[in-house]
Amino acid sequence: MSPRLRSRRPPSFVVVGDLMLDVVITPDRPVVPATDVPGTVRLRQGGSAANTARWLVRLGAPSRLVTAVGRDPIGRALVRELRSDGVRVHAARVAGRPTGRVAVLVGPGGDRSFVADRGAADALAAGDLRAGWFERAEALHLPVYSLLGRPLGEAGHLAVDLMRRAGGQVSIDLASIGPLLAGGHEAARALIADIAPDILFATGDEADALLAGHSLEELLEVAPVVVVKRGAQGATALARVTGAAERAGHDLRFEVATRPVVASDTTGAGDAFDAGFIVAWREAGSARRSTPEALQRATIAGHRAAARHITTVRSEISLR
């Protein structure tokens, strides 16, 4: 169970998945049909995978993003922006498909609704990956989107295989339960079980949807560490215990509370949480901390990263 580091250098990560343009729409008052209301419309770098890669770098962990964008100004601008933040970006340029974009409608209290046009984000192919990127990394992180469909799902599965061959760990975020459950609960559970991630992230709603009424502890059948993000209510962290304790059924479960943060827009906060958790989890392992202590420290670190993300003013992206 203890995370392992190959050296004393900071852990390095590969993230495979979407780099997209977020069009964030925040009306000043409720939207009225057939007319307009005042508000703000901002263009920002988005994509679950890209957000996590950016936060890994901000937390001191070198990371590279393997992604696909269109051959358009939006794709060039997004790659340039991410590289300026220190992320090593390997972007396949897809002809005939636009760079992915997501409209984010922010409602009262920060509630969000999404309309996604994934475009080139789903066109990353297995042939775009290079084994060397994984051999020099400690771990791989993927949103579940990167395991679905063709050719993106094939690329995601190959990335997992390359990381396993290199001896690194794999983490998955369920990201959005709709695409995952498109083929039914059994197929979704089988997909996650087949990958057998070392860490599984989910929101409370995503976990409930995947479990279909079963207890949260059943997620430990597909991953030895499970973290359920509950926003202002904190997080639930679970870990499968090996040895005699496992035979006695003594798995670990923590309800971790943190100080709530008032947020007008929480877009990307869950991705920042993932980055904070996996960096702290691996660093805790290198310091030989016990599993309970490592789990608590990592969960708190995830919340701190999410809070920093929420309170940081993100500048609009330039499309020049």
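In this predicted model, histidine 90 has a relative accessible area of 19%, which puts it just inside the buried class, since buried means under 20%. The residue is part of strand β5, which covers residues 88-94. Its side chain pairs up with that of arginine 64 in a polar contact of 2.7 Å. Leaving aside residues up to four places away in sequence, histidine 90 touches Arg64, Leu65, Val66, Thr67 and Trp133.

Helix α7 is worth a look next. This helix takes in residues 204-211, and Gly204, Glu206, Ala207, Leu210 and Leu211 are its buried members. Viewed down the helix axis, these buried residues fall within an arc of 165°, so they line one face of α7. The spacing fits the usual helix rule: with 3.6 residues a turn, residues three or four places apart in an α-helix point the same way. Asp205 and Asp208 sit on the other side of α7, and both are exposed. As for what lies over the buried residues, the cover includes strands β9 (169-173), β10 (199-203) and β11 (225-229), along with helices α5 (177-180) and α6 (185-195). Right after α7 ends, alanine 212 adopts a positive phi of about 50°.

Then there is the surface. Ile25, Val31, Val41 and Leu105 make up a nonpolar patch there, and together they have about 320 Å² of accessible area. One of them, isoleucine 25, belongs to strand β2, residues 20-27. Isoleucine 25 counts as partly exposed because its relative accessibility is 31%, and the partly exposed class lies between the buried limit of 20% and the exposed limit of 50%.

Technical notes:
Residues are numbered from 1 along each chain as its sequence is written. This is a predicted model: local features need pLDDT of at least 70, side-chain atom pairs count only at pLDDT 80 or more; totals for chains, interfaces and linings use all residues. Side-chain values use heavy atoms; hydrogens and water are left out. Patches are made of residues with over 30% relative accessible area and no salt bridge: like charges are joined within 9 Å, nonpolar side chains (Val, Leu, Ile, Met, Phe, Trp, Tyr) within 5 Å. Accessible areas come from the Shrake-Rupley method with a 1.4 Å probe; for residues, only the protein chains shown count as cover. A salt bridge is a side-chain nitrogen of Lys or Arg within 4 Å of a carboxyl oxygen of Asp or Glu. Helices (H or I, at least four residues) and strands (E, at least two) are DSSP runs, numbered from the N terminus. Buried means under 20% relative accessible area, exposed over 50%, partly exposed in between (1.4 Å probe, protein chains only). The arc is that of the directions from the helix axis to the C-beta atoms. Contact means heavy atoms within 4.5 Å. A polar contact is a pair of N or O atoms within 3.5 Å; within protein, one must be able to donate a hydrogen and the other to accept it, and residues adjacent in sequence count only if both atoms are side-chain atoms.
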